[in-house]
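Q: I am new to this structure and would like to understand the words used to describe it. Could you walk me through the reasoning, step by step?

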Amino acid sequence: MENEKKVMLSGIQPSGDLHLGNYLGAIRNWGARAEEFDCYYFMADMHTITVRQNPADLRRRTLEQLAQYIACGLDPEKNTLFIQSHVHQHAELGWVLNCYTMFGELSRMTQFKDKSAKHKDNINGGLFTYPALMAADILLYQPDYVPVGEDQKQHVELTRNIVQRFNGIYGDVFKMPEPYIPKAGARVMGLSDPTGKMSKSAPEGCVFLMEKPEDIMRKFKRAVTDCDTEHCVRYDRENKPGVANLMQIYSAVTGKSYEEIEQEFDGKGYGVFKPAVGEAVVETLRPIREEAQRILADKAYLESVYRAGAEKASYVANKTLRKVYKKVGFVAR
Ligand code: TYM
């Protein structure tokens, strides 16, 4: 066997600055896996243009994202880090898989419904067929696991349907990937509205990885909790979504269980709890921010990382693409 290690792959769109949801839901579960798995992580720049982007900002954010991946512990010597658009096989397999993805399946995707409601003046074909490109991103590398937050589970499930359909026609072409979803941090909610997921589109409730400690503290102190008079720190997702969210974040960054957290803040109230969560997050993010700033200043290093990453990724992706082209009946070049 050429590759005995299991494979892990994931990506993030550089459509905004990375935030705590991306970190806890995804990136944090990518690091520390490199010994065990063959890991591929990329900047999903092709996906971002389903919504209009400012070109200069997109370029800047893509490189910032790479610096932040490395600062979060993804060692480029041990993980393949690359920019999606540098590996042309993504677009090519994306087209093929479009032809094996049903209109009805795409119509049911929550992200499409959300984004088309938000960008009514630009409901383009790419926004609709985006999950087929995401399936291609995944299947090119034949991964065993796709570590993502809860909101991307539906897209990985669709990818699994595509695998079943495609393999059903052509034999064992693709390996069946599994979503890998963390226990704490799978769905970090907004601090200003704990009924919606943390997202860059609600910046007041969103904590960015590169944000200054004082701004992070301000956001946590202002976090919306519930208005029961006892101000008791208790995990109740239904009736106390704000507190449950803060407990989830605290648990994810400290490793403490909900029972331990309840005990720690027993009788202390939100005035003590909210800044404590803020402090814990600040201390988790501080080394990442400092390291990312240092790496970002070294453009030559970043370039060497994404070039080497694209080369390795292309080699693997090309093997899968050639196999697919042969199976569907394209004449070999
Ligand atoms: P994206 O860019 O929206 O988000 C990147 C990752 O962060 C997770 N995430 C969250 N997790 C917990 N709480 C939150 N509030 C939160 N917000 C975001 C997401 O679940 C995701 O894991 N389609 C993907 C990008 C993509 C991809 C892929 C992922 C493209 N190709 C192939 C995996 C494999 C997306 O839009 O994620």
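A: Gladly! Let's begin with a term: helices and strands here are DSSP runs, with at least four residues for a helix and at least two for a strand, numbered from the N terminus. Bear in mind that this is a predicted model.

Q: Which helices and strands each supply at least two residues of the shell around the ligand?
A: Strand β1 (6-12) does, and helices α1 (20-25) and α7 (125-139) do too.

Q: How many residues are around the ligand, and which come nearest?
A: There are 29 residues around the ligand, and Q13, Y130, D137, D151 and V188 come nearest. By class, this shell has 13 nonpolar, 12 polar and four charged residues.

Q: What makes the pair formed by V188 and the ligand a polar contact?
A: A polar contact is a pair of N or O atoms within 3.5 Å. A backbone N or O atom of V188 lies 2.8 Å from a nitrogen atom of the ligand, so the pair meets that cut-off.

Q: Which ligand atoms pair with G149 and with Q152?
A: For G149, an oxygen atom of the ligand is 2.9 Å from a polar backbone atom. For Q152, a nitrogen atom of the ligand is 3.0 Å from an N or O atom in the side chain. As for cover, the protein hides 96% of the 710 Å² of accessible area that the ligand has on its own.

Q: Why is helix α10 called oblique to helix α12?
A: The axes of α10 (residues 241-254) and α12 (residues 270-296) come within 10 Å and cross at roughly 40°. Angles under 35 degrees count as roughly parallel and 65 to 115 as roughly perpendicular; the crossing fits neither range, so α10 is oblique to α12. The crossing is left-handed.

Q: Why are α3 and α12 called oblique to each other?
A: The axes of α3 (residues 55-71) and α12 come within 8 Å and cross at roughly 130°. Roughly antiparallel would need an angle over 145 degrees, and roughly perpendicular covers 65 to 115, so this pair is oblique. Here α3 passes α12 in a right-handed crossing.

Definitions and conventions:
Residues numbered from 1 in each chain as written. Predicted model: local features only at pLDDT ≥ 70, side-chain atom pairs only at ≥ 80, totals over all residues. Heavy atoms only, no water. Near = heavy atom within 4 Å. Polar contact = N/O pair within 3.5 Å; in protein donor to acceptor, adjacent residues only side chain to side chain. Areas by Shrake-Rupley, 256 points an atom, 1.4 Å probe, with all protein chains shown as cover. Nonpolar A, V, L, I, M, F, W, Y, C, P; charged D, E, K, R; others polar. Axes fitted to C-alpha atoms, helices over the stretch in contact; angles between N-to-C directions. Left-handed = near helix turned anticlockwise from the far one by under 90°.
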